Amino acid sequence: MRKVAVIGVGQSRFGELWDRSFRDIMLEAGVEALEDAGLEGKEIDALFVGNMSAGRYIAQEHVATLIADYAGLAELNIPSVRVEAADASGGLAVRMAHLAVASGMHDIVIAAGVEKVTDAGELSMEIMSSSADMEWEGFVGATLSAIYAMMTKLHMKEFGTTEEDLAMVSVKNHRNAVNNPKAQFKSEISVDAVLNSPYVAEPLKLLDCAPISDGAACVVLASEEVAKQYTDTPVYIKSSAQASDYLALHSRKDLTTMQSVVTASRQAYKQAGVEARDIDVAELHDSFTIAEIMAYEDLGFIEKGKGAELIREGIVEMGGEIPVNPSGGLKACGHAVGATGVRQVAELVLQLRGGAGKRQVECETALALNIGGTGGTAVVTILGR
Amino acid sequence: MLPRFWRKIRYRYDLIGTRCNTCGRNYYPPRNFCPVCRRRSSIEEVQLSGYGTVLSYSIVHDTPVGLKMEKPYVVALIQLDEGPIITSQLACEPEEVHDGMRVKAVFRKYGEDGEDGIIYYGTKFIPAEEA
């Protein structure tokens, strides 16, 4: 397997982009990534697009070709592949692009992610919830937030995690987003504001949940040899791993552990030759605040059941031992479903280059965790200089 | 949506699960392929007793469009006495629910496909003492 570098990154603003279309936002992120890489366009061998549900959000399928077309790549007739794993679609697109370059099949490959969610209006929540088992969870009214709420209650009962702990995750991510010009919510919130926000699915409240967002992100991957022609300071993908689990929460052996996250992270650590304690900064999938706390544990940042200690003691804050979600995470940067996993990698590349501006973290090794649904898919990407 | 619902009626109405005779595991929702034994699976249907215990639950306020009239409703993870854990609704007041509560399956309406569409029925659970 060849070493693979990221030579360009780009992202659109995340948020309620009423005036922009699916194609507009994807192109915005793509152009930024190509400019960043110093590519003209004709050097690109292939395109992977992470997208969960354009068919239901905007009634448009065949989006890999649509994007190739609007990016001028259909002119070159390059292969373009859509990748879907619910809200892990973006992370998986990066992994597929990584494999395409690492294998020697291609030299320069684009991994993109895009979702236009707000056009679906009041249906957007249930489209997102179709990442759960629609016949046996969705049918009875178990929305994505309801399923995470049931995990939350078990985590609270078993390990003593509190609603204040959850609120602190949301507060931290909002505080971080203030310094991210692409973020949806660039405003601080208080623990009380989270605790007093209306219930979505008890005990989860509105401000425990990632918002509905439009957005796109794009990264350009190249083999080590090719990367050196474009940049003197490449960032490398040290490993990428993906794992699955039972789709429905009720089928899993342990209801407070995401086995997919445990498995994917251990594989990724091994391939990269690092351990959990070597990670300097992480972008984690906080679709719900409980997901970030469970991720601390399942990634091995701390032992099972003690995740809340990392937020209580400030270890995951900016300036702490392992800053988590310097971008603001899904909660405050925004969760444009299929774009999220690509955006996480783009953020970490900026961090590793030292180009993250006011939210810069001193780092050499970085980890992204992108989760599909309630943990049926986990994608872990480790990056380094 | 009609055939998709109709195919599962037998299992939704009567709480019929499946059992793998190779390993002895019971499944609900039913599986016709045992995920542990895979090709060595030997599957037959089993009628479940309908009794179980609430492991976790949530009172749902942000609902899908079709369930707006029902809100808030209670969704729970219920461990059936035969072993499987299922996701279902509790047909009782939110204040009545607690972890570890014994519950029993009952036949209830879940919703309808608009004014002219089919009505969806299935299993919900009520406190076992009331049964």
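Helix H6 (144-159) of chain A packs against helix H11 (residues 289-298) of chain A at an angle of about 55 degrees, and their axes are 9 Å apart. That angle makes H6(A) oblique to H11(A). The model you are looking at is a predicted one, so every value here is computed from its atoms.

**The H6(A) and H11(A) pair**

The crossing in which H6(A) passes H11(A) is left-handed. On the H6(A) side, the contact is made by Tyr148(A), Met151(A), Thr152(A) and His155(A), while H11(A) brings Ile290(A), Ala291(A) and Met294(A). Sorted by class, this contact holds five nonpolar and two polar residues, with no charged residues. The spacing of such positions has a simple background: an α-helix has 3.6 residues a turn, so residues three or four places apart point the same way.

**Where chain A meets chain B**

H6(A) also turns up at the contact between the chains. Here 26 residues of chain A are in contact with 24 residues of chain B. Helix H5 (124-129), helix H6 (144-159) and strand E5 (199-201) of chain A each supply at least two residues of the side that touches chain B. Which element gives the largest share of that side? It is H6(A), with seven residues. By class, the side of chain A that touches chain B divides into 15 nonpolar, four polar and seven charged residues.

**Two more helices of chain A**

For H1(A) and H4(A), helix length can be checked against the rise of 1.5 Å a residue. The table puts the two side by side.

| Helix | Residues | Expected span | Distance between end C-alpha atoms |
|---|---|---|---|
| H1(A) | 22-37 (16 residues) | 22 Å | 23 Å |
| H4(A) | 89-102 (14 residues) | 20 Å | 20 Å |

The expected span agrees with the end-to-end distance for H1(A), and it agrees for H4(A) too.

H4(A) is mostly covered, with 11 of its 14 residues buried. Among them are Gly90(A), Gly91(A), Leu92(A), Val94(A), Arg95(A) and His98(A). Just after this helix, Gly104(A) takes a positive phi of about 95 degrees.

In H1(A), the buried residues include Phe22(A), Ile25(A), Met26(A), Leu27(A), Leu34(A) and Asp36(A). What covers the buried residues of H1(A)? The cover includes strand E1 (4-11), helix H2 (54-57), helix H3 (63-70), strand E4 (108-115), strand E7 (215-223) and helix H9 (224-230) of chain A. Gly38(A) follows H1(A), and its phi is positive, near 75 degrees.

**Chain B**

Chain B has two helices and eight strands, and along the sequence they follow the pattern α-α-β-β-β-β-β-β-β-β. Its C-alpha atoms fill a box of roughly 45 × 35 × 25 Å, taken along the principal axes. Of the 131 residues of chain B, 31% count as buried. Among its contacts between residues at least 6 apart in sequence, 45% join residues at least 24 apart.

One residue to look up here is Leu55(B), which lies in strand E4 (residues 51-60) of chain B. Why does Leu55(B) count as partly exposed? It has 19 C-beta neighbours inside 10 Å, whereas a buried residue needs 20 or more. Leaving aside neighbours within four places in sequence, Leu55(B) is in contact with Leu77(B), Ile78(B), Gln79(B) and Ile85(B). The C-alpha atom of Leu55(B) is separated by 20 Å from that of Gly122(B), a residue 67 places away along the chain.

Definitions and conventions: Residues are numbered from 1 along each chain as its sequence is written. Chains are lettered from A and ligands numbered from 1 in the order in which they are written. This is a predicted model: local features need pLDDT of at least 70, side-chain atom pairs count only at pLDDT 80 or more; totals for chains, interfaces and linings use all residues. Two residues are in contact if their C-beta atoms, placed from the backbone, lie within 7 Å. Helices (H or I, at least four residues) and strands (E, at least two) are DSSP runs, numbered from the N terminus. Ala, Val, Leu, Ile, Met, Phe, Trp, Tyr, Cys and Pro count as nonpolar, Asp, Glu, Lys and Arg as charged, and the others, Gly among them, as polar. Axes are lines fitted to C-alpha atoms, for helices over the stretch in contact, and angles run from 0 to 180 degrees between N-to-C directions. Angles under 35 degrees count as roughly parallel, over 145 as roughly antiparallel, 65 to 115 as roughly perpendicular and the rest as oblique. A crossing is left-handed if the near helix is turned anticlockwise from the far one by less than a right angle, and right-handed if clockwise. The expected span of a helix is 1.5 Å times one less than its number of residues. A residue is buried if 20 or more other C-beta atoms lie within 10 Å of its own, exposed if 12 or fewer, and partly exposed in between; C-beta atoms are placed from the backbone.
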